[in-house]
Amino acid sequence: MSMKVLFVSLGCDKNLVDSEYMVGKLTGHQFMMTDDEAEADVIVINTCCFIHDAKEESIQTILDLAAYRTSGSCMALIVCGCLAQRYREEILREIPEVDAVLGTNSTEHILLAVESVLAGKKYEAYEPMDHLEKHFSARSISTGGHYAHLKIAEGCDKRCTYCIIPSIRGAYRSVPMEELVAEAEELVRQGVRELILVAQETTLYGVDLYGKKSLHLLLRELNQIEGLRWIRLMYCYPEEIYDELIDAIRENEKVCHYIDMPIQHINNSILKRMGRRTNRETLSERIDALRAAIPDIALRTTLICGFPGETSEQHEELMEFINETEFDRLGAFTYSAEENTPAAEYPDQIDEDVKEEWKSEVMELQEEVILDKNQDMIGRELEVLIEGKVADEDAYVGRSYRDAPDIDGYVFVRTNELLVTGDFVRIRITGAYEYDLIGEPV
């Protein structure tokens, strides 16, 4: 009888890719997945600790599931990922129910970890920070099968003053292009129609392997895969967006006219204190270049509100920029002081209530911006990827090229026709909300 494994994946989509590899390795060796913690023989938690709230969620999840290690059927509790890399000694010391800990570069050890614990042995694995894992087992796609993330690199070299990623993920390491193309082809054979390219930073892809930025070359290779419909770009640092990349987005028909480019702020003084390698002038120039070359491009960004030392005037400068630039998609986060980062030691920390107030103001303004932009979409036609049916209604939910899964809006398709998840349907937009659109098949 196969043993049952409960797998919990927390944090970002890069973490999710690691989790899918681990699940694939376990299911390839006679383990079965379950979503019921009470019946799990093995519990694996892939953790996150990027900001305070993510750290708290990871710790609470471990504590909650540790109860099943002592009173349930669970025989192995394994903690992986960023929290395990950063706080391995504390986890093993403070939570004795944990049987194994795997660092961020050690997910390929998951089968050995499970087998060791079931044999009565504790297990730890922490590969060097320059290690780039190679996975020889098929991934178990957890996103519904019609889209999947393709992690093209690991680690980061930027060292922004608020960020711990380089210390827990290591330096930037690109995955060889031939491996990525082979993985993409396999994903498409499994039914994936949309590939979402992710990394801590995608725009520097290839610099370490090929001596130059090579994301545009990777896009051209992926564009040739038969059966693939969409390629979406996430985590493009704005100062690293180069002209050949813009050309590749415009010229390759499968590459969505969409780009995620986290700018974090717009005030030059704040950007410098953040350790960002750009300024307002460069950001504006890159945005103008993208829109000039690709007029229908959807620009997404993220912002940090309440960075140490930020003044009301600098916040207002950011608000004015949002209003002028009219990003198509925007997310905002309050600054989180992370231990062992330079920004956490800055003396001029902002009160939490002020940070929350500024974040609310940013998101309220963005709601106005996006409602106007969505209303301008009425009457236009869009290709929509169907993601499911709305319960008890003659309607389906889907996404256009303008919408990344889980973070952007949806297109609700009103029809009594039978549509299937993974289908692409041509839609005419008939209505608009702050974040979502309504349409009907053409």
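Which elements each supply at least two residues of the lining of the second largest pocket? I will come to that pocket after one remark: this is a predicted model. The elements are α1, residues 13-27, then β8, residues 153-154, and α7, residues 177-189.

Staying with the pocket, its space is about 540 Å³. There are 27 lining residues, and those closest to the centre are Tyr21, Glu133, His135, Glu179 and Glu183. Helix α7 gives the largest share of the lining, six residues. Sorted by class, the lining holds twelve nonpolar, five polar and ten charged residues.

Next, helix α1 again, now for its packing against another helix. The partner is α5, with the two axes 9 Å apart and an angle of about 55 degrees between them. Angles under 35 degrees would count as roughly parallel and 65 to 115 as roughly perpendicular, so α1 is oblique to α5. From α1, the residues in this contact are Met22, Lys25 and Leu26. On the α5 side they meet Ile110, Leu111 and Val114. By class that contact has five nonpolar residues, one charged and no polar ones.

Now the sheets, beginning with the one that α5 packs on. In what order do its six strands come? Reading across, the order is β2-β1-β3-β4-β5-β6, in an open sheet with parallel pairing. At the edges are β2, residues 32-34, and β6, residues 123-125, each paired on one side only. Ignoring direction, neighbouring strands are turned against each other by 20 degrees on average.

One strand pair in some detail: β1, residues 4-9, runs parallel to β2 and is joined to it by three bridges. Within that pair, Val5 is opposite Met33 of β2.

Two helices belong in this part of the picture. Helix α2, residues 52-71, lies across β1, β3 and β4, and it runs at about 175 degrees to β3. Helix α5, residues 110-118, packs on the sheet as well, touching β3, β4, β5 and β6. The direction of α5 makes about 150 degrees with that of β4.

On to another sheet, this one with β7 in it. Six strands make up this open sheet, in the order β7-β10-β11-β12-β13-β14, and the pairing is parallel. Its edge strands are β7, residues 147-151, and β14, residues 329-334, each with pairing on one side only. From one strand to the next, the twist averages 20 degrees.

Which strand pairs with β14 over six bridges? That is β13, residues 298-305, and the two pair in the parallel sense. Across this pair, Thr302 stands opposite Gly331 in β14.

The last item is helix α9, residues 215-223. Helix α9 lies across four strands of this sheet, namely β7, β10, β11 and β12. Relative to β11, residues 230-233, the helix runs at about 160 degrees.

Definitions and conventions:
Residues are numbered from 1 along each chain as its sequence is written. This is a predicted model: local features need pLDDT of at least 70, side-chain atom pairs count only at pLDDT 80 or more; totals for chains, interfaces and linings use all residues. Side-chain values use heavy atoms; hydrogens and water are left out. Two strands pair if DSSP finds at least two bridges between them. Axes are lines fitted to C-alpha atoms, for helices over the stretch in contact, and angles run from 0 to 180 degrees between N-to-C directions. Contact means heavy atoms within 4.5 Å. On a 1 Å grid over the protein atoms alone, a cavity is a set of points where a 1.4 Å probe fits but cannot get out, and a pocket is an open set with protein on both sides within 12 Å along at least five of seven lines; lining residues have an atom within 4 Å of a point. Grid points are joined across faces, edges and corners, and a volume is the space filled by probe spheres set on the points. Ala, Val, Leu, Ile, Met, Phe, Trp, Tyr, Cys and Pro count as nonpolar, Asp, Glu, Lys and Arg as charged, and the others, Gly among them, as polar. Angles under 35 degrees count as roughly parallel, over 145 as roughly antiparallel, 65 to 115 as roughly perpendicular and the rest as oblique.
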